[in-house]
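Colleague: Before I rely on any label attached to this protein, I should like to hear the grounds for each one. Could we go through the terms in turn?

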Amino acid sequence: MKKIVIIGAGEIGRQAFEFVGAECVAYFADNKKAGSTYCGKAVYPVERAAEDKGKYVLLLAVTKYRKELMGQLNDLGVYDFYYFDFQN
């Protein structure tokens, strides 16, 4: 099974991380937090996730910047990704 790249290193990303489990997550992708770690995983720029699109499943886990990130992914040639939507 392919590992997951969670796009969004914020609250929704943390919820996605907890939902799928640490062992299933390769890394996080987040333009603002790149170069750090989150939930014990490295955080890279979204461009890295786009480069790795065939290697991992991409899971978009944001609410605030969803449209912008979708546009960025599309501009980078990525059209195949999933959404994580957490309901309380």
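Modeller: The following exchange takes up the sheet, the cysteines, a lysine and the nonpolar cores.

Modeller: This is a predicted model, in which local features need pLDDT of at least 70 and side-chain atom pairs count only at pLDDT 80 or more, while totals for chains, interfaces and linings use all residues. Residues are numbered from 1 along each chain as its sequence is written, and side-chain values use heavy atoms, with hydrogens and water left out.

Colleague: What makes β3 and β6 the edges of the sheet?

Modeller: Strands here are DSSP runs of E of at least two residues, and helices are runs of H or I of at least four, both numbered from the N terminus. Two strands pair if DSSP finds at least two bridges between them. The open sheet of six strands runs β3-β4-β2-β1-β5-β6, with mixed pairing. β3 (37-38) and β6 (82-83) each have a single partner strand, so one side of each lacks a neighbour in the sheet.

Colleague: How do you know in which sense β1, β2, β3 and β4 pair?

Modeller: β1 and β2 are parallel over four bridges, and Val-5 has Tyr-27 as its bridge partner in β2. β2 and β4 are also parallel, over two bridges, with Phe-28 partnered by Val-43 in β4. β3 and β4 are antiparallel over two bridges; there, Tyr-38 has Lys-41 as its partner in β4. The hairpin of β3 and β4 has two residues between the strands, and Cys-39 takes a positive phi near 55° in it.

Colleague: Why do Cys-24 and Cys-39 not form a disulfide?

Modeller: A disulfide requires two cysteine sulfur atoms within 2.5 Å. The sulfur of Cys-24 is 14 Å from the closest cysteine sulfur, that of Cys-39, which is too far for a bond. A search of the whole structure accordingly finds zero disulfides.

Colleague: Why is Cys-24 called buried, and what is Cys-39 called?

Modeller: Buried means under 20% relative accessible area, exposed means over 50%, and partly exposed lies in between (1.4 Å probe, protein chains only). Cys-24 has 16% and is therefore buried, whereas Cys-39, with 32%, is partly exposed. Ile-6, at 0%, also counts as buried.

Colleague: What surrounds Ile-6?

Modeller: Ile-6 is in strand β1. Contact means heavy atoms within 4.5 Å; leaving out residues up to four places away in sequence, Ile-6 touches residues including Gly-13, Phe-17, Val-25 and Leu-59.

Colleague: How do you know that Lys-41 has no salt bridge?

Modeller: A salt bridge needs a side-chain nitrogen of Lys or Arg within 4 Å of a carboxyl oxygen of Asp or Glu. Lys-41 is buried, and the nearest side chain of opposite charge, Glu-23, is 7.8 Å away. Lys-41 lies in strand β4 (residues 41-44), and among the residues it touches are Phe-17, Ala-22, Tyr-27 and Ser-36.

Colleague: What makes a group of residues a nonpolar core?

Modeller: The members are buried Ala, Val, Leu, Ile, Met, Phe, Trp, Tyr and Cys residues joined through side-chain atoms within 4.5 Å. The largest such core has 15 residues, and Val-5, Ile-7, Ala-29, Ala-49 and Leu-58 have the most contacts inside it. At least two residues come from each of β1 (4-7), β2 (25-29), α2 (46-51), β5 (57-60) and α3 (66-75). The most come from α2, with three residues. Apart from this core lies another, of 12 residues, among them Ile-4, Ala-16, Val-43 and Ala-61.

Terms used. Lys and Arg count as positive and Asp and Glu as negative; His and the chain ends are not counted.
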